[in-house]
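Colleague: Can you walk me through this one? I'd like to start with the layout and then get to the contacts.

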Amino acid sequence: MSSATHWTPKPPRPAPVHTVGVRGWIRTNLFATPSDTLLTLVAMAVLYLTIDTLVHWAYIDATFSGANRDACLKAVQGACWPFVDAKLGQFIYGRYPELERWRVDLVFASGVIGLIPLLIPAAPFKRANVIYLLGFFPVFAFIMLTGGRFGLEPVETTDWGGLLVTLVVAITGIVASLPLGILLALGRRSQMPIVRSLCIGFIEIFRGVPLITVLFMASVMLPLFLPDGVNFDKLMRCLIGVALFSSAYMAEVVRGGLQAIPKGQYEAAAALGLGYWKSMRLIILPQALKLVIPGIVNTFIGLFKDTTLVLIVGLFDLLGIVQFHFTDASWATPETHITGYAFAAFVFWVFCFAMSRYSIFMENRLSTERD
Amino acid sequence: MSDPIIEIKQMNKWFGNFHVLRDINLTVEQGEKTVICGPSGSGKSTLIRCINRLEQHQEGSIRVEGVVLDDSSKGLEEIRSNVGMVFQQFNLFPHLTVLENCVLAPIWVSKMAKAEAEELARKYLERVRIPDQADKYPGQLSGGQQQRVAIARTLCMNPRVVLFDEPTSALDPEMIKEVLDVMVELAHDGMTMLCVTHEMGFARKVADRVIFMDEGEIVEENNPQDFFSNPQNDRTKLFLSQVLQH
C-alpha cells in the first residue's frame, strides 16, 4: 500500500437551469405532464368563468348609489350595494340608540388598540398589554355598552344587534373556551377518577347536543329552574351557553395535543423536580398547544360562525339583522337578498380568514425545527 | 463515614403480574461510581428509574439521602431535584433554547434568580464543551450535543447523584465518545454516578463497582478489574463473552 492520499470533496455545481426560477416553477408545477397540462387548462377555464360572473355581478352590473329600491331596478341586474350602505348602521349596531353609538365605537377602538400590539410579537410591554386586554378592557366594555353608570344612558342588551352581538358572543366564547378547554382536557387525563369522570361527563354532554339546544335550554329552560324574581340577562345566558359548548370542543382539541407529547417530556420534567402544575405550564402545554394551533383556530372559526345561531333565542347577530332588513319594503328588489347575504358572508370571511392567516403566521414563528 | 446516598433494601417491583425486580439490595456511597450492565429486559433501567420514583416499587425500601421513598408525594420533588437523571432519548424540551432548558429547573424549582441561573448554566455548558450553542434549539443540535446539553441541564440542579439511563445507546458511533468524555470528566470531579450502560470501556475506566443484572436480580457485583478478568457467575461470563467479543 502506498501512503494515504489527501481527500478533497468535489466543489458544488449549480442546479440545471430548467429546474429553477420562474421557468422551472411553471414547468414543474403547471405543465409537468400532458395530464397536468390538461388539468391546468381546465382549472384556468373554471376560474375565468367564476371570476367573470362575480366581477359582473358585484362590480360591472352593480348599483352603487341610490336612496331606495328604484335605483336597483335595472334591466341587467347586479348587486344592490345602496341597500347595504343605507342599513350599515343597523348591521353594525342593531337597535343600539343612534346617539349612544359612539360608545360602541369607543369599545371597538379600545379593543383594536389592545389587540394589535398583542398580535405583533416584536411589540413591547406584552405583560401590560395582556393586563389591559383581559383585565381592563372587559370591564370597560361592559360599562360602556350596558351603561347605567357614570351618567351613561342604560342600553338593554335586547337592543344590541348586528356585528356588535356577533363580536361580543364570539370574543367571549373564544376567550372563555381556551382556558376552560385546557382545564377540561387536563381533567380528562387526570389520575383522579372523580375529576376525570366529571370532565368526561361535561365534555360528552356538551359535545353531544347541538348548539341550538344549548342556547335554547339556556334562554328558555334555565329561567324555569331559577327562583321567582331571579333573572339574568338573555345575552349573558347565551354567552355562558356558547362558552361552555365551545370549551367542550376545545378540550378535545387540547387533549389531542397532550397525547402527542412523548412520555419522556413528562419524565424529564418530573426528574428535574417540577411538580404537576409547573411541568404542565412550562413544559407540556406550550408544546401541546403549539401542536394543535390549527385545531384551536378551527374551533375559534367554527365558534365565530356559530354565533349566527343566537337568532334562535331572539338575539339579532349580523346575519340575523341582515335577514331582518330583507322585509323592508322600500328596499325590496330581486337582488336585495343576495346582496345582503354576500355582505354578511364577506364580513364573516374577513374575520375568519384573518384568524386563519394569523394562526399560520404563529405556527411558523413558533417552529423550532431545524431550518 | 457519612450516610449512603442511596440505600435499597429487599426491593421488589412488578409490572402487573410480571416480577421485574427481585430482592434488590444496593447501597451507593457518596462519590461512588457504579455501572449497571446486563441484557435487555433485565430490569436495570427500571431499577434506576425507581430511585427517583419515575417507577414505583411495591415491596422493600428505597432511601435517598435518608429519606424513604413512598406514596406521600411530600418531599418527592425535593428528592428529584437532588437526583439528576440523564435519559437515553435526551428528553430535552424542544420548545426551549439550550440555555432555557438549563435554567428552567434552577429558576422554577430552586427559586434562583434568572441572572444567577444563566451564569450557572453557561458554566456547565462550557464544561460539556458547547458554550456557543446556548441560543440554539435542541432540534438544531446533533445527538451527541443534545445529550451533553441534557447532562448540563442536570448538573445545573447541583445534584448529589446522577442517574444515567443508557446515555449513549441512541447515539451515532461518532458521537458516543464526546458524551463519554464528558461523563469521565464528571466522574473524575467526584460526582456520585449510577450508570446503566453497555460501554464496557467506560466501566473499566471510571467505575468503582460493576453490577451485572439478569431477570430482575443482581447476579454479580465486583470491582471492574475482577469483574472483567475473573467473573464468578456463568451468566456473567456468557454476557461478557458476548459484549466483549468485538
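**Layout, cores and interface**

Modeller: The domain assignment splits chain A into domain 1, residues 18–60, and domain 2, residues 69–365. Keep in mind that this is a predicted model.

Colleague: What distance separates the centres of domain 1 and domain 2 of chain A?

Modeller: The centres are 37 Å apart, taken over C-alpha atoms.

Colleague: OK, cores. Which residues have the most contacts inside the largest nonpolar core?

Modeller: A:Trp160, B:Ile8 and B:Leu47 have the most contacts there, in a core of 114 residues. The element that gives the most to this core is helix H6 of chain A, residues 162–188, with 11 residues.

Colleague: And what does B:Ile8 touch, leaving out residues up to four places away in sequence?

Modeller: B:Ile8 touches B:Ile24, B:Asn25, B:Leu26, B:Leu47, B:Ile51, B:Ser61 and B:Ile62. There is also a second, separate core of 49 residues, which includes B:Leu92, B:Leu171, B:Val210 and B:Phe239.

Colleague: Switching to the interface. How many residues of chain B are in contact with chain A?

Modeller: 25 residues of chain B contact 21 residues of chain A. Between them the two chains bury about 2,100 Å², with 61% of that on carbon and sulfur atoms.

Colleague: Which residues of chain B lose the most area to chain A?

Modeller: B:Phe93, B:His95 and B:Trp108, which together account for 29% of what the chain B side buries.

Colleague: How many salt bridges are there across the interface of chain B and chain A?

Modeller: The rule finds 1 salt bridge there. A:Glu267 forms a salt bridge with B:Arg49, and the closest N and O atoms are 2.6 Å apart. Across the interface there are also 6 residue pairs in polar contact, with both residues at pLDDT 80 or more. On the chain B side, the elements giving two or more residues to the surface that touches chain A are helix H2 (76–82), strand E6 (83–86) and helix H3 (98–108).

Colleague: One more, back in chain A. Where does A:Lys87 lie?

Modeller: A:Lys87 lies in helix H3 of chain A, residues 81–93.

Colleague: Does A:Lys87 count as buried or exposed, and why?

Modeller: A:Lys87 counts as buried because its relative accessibility is 10%, and the cut-off for buried is under 20%.

Colleague: What joins the side chains of A:Lys87 and A:Asp328?

Modeller: A polar contact of 2.5 Å. Not counting residues up to four places away in sequence, A:Lys87 touches A:His325 and A:Trp331 as well as A:Asp328.

Methods
Residues are numbered from 1 along each chain as its sequence is written. Chains are lettered from A and ligands numbered from 1 in the order in which they are written. This is a predicted model: local features need pLDDT of at least 70, side-chain atom pairs count only at pLDDT 80 or more; totals for chains, interfaces and linings use all residues. Side-chain values use heavy atoms; hydrogens and water are left out. Domain bounds come from an automatic or database domain assignment. A nonpolar core is a set of buried Ala, Val, Leu, Ile, Met, Phe, Trp, Tyr and Cys residues joined through side-chain atoms within 4.5 Å. Buried means under 20% relative accessible area, exposed over 50%, partly exposed in between (1.4 Å probe, protein chains only). Helices (H or I, at least four residues) and strands (E, at least two) are DSSP runs, numbered from the N terminus. Contact means heavy atoms within 4.5 Å. Buried area is the accessible area (1.4 Å probe) that two parts lose on being put together, summed over both. A salt bridge is a side-chain nitrogen of Lys or Arg within 4 Å of a carboxyl oxygen of Asp or Glu. A polar contact is a pair of N or O atoms within 3.5 Å; within protein, one must be able to donate a hydrogen and the other to accept it, and residues adjacent in sequence count only if both atoms are side-chain atoms.
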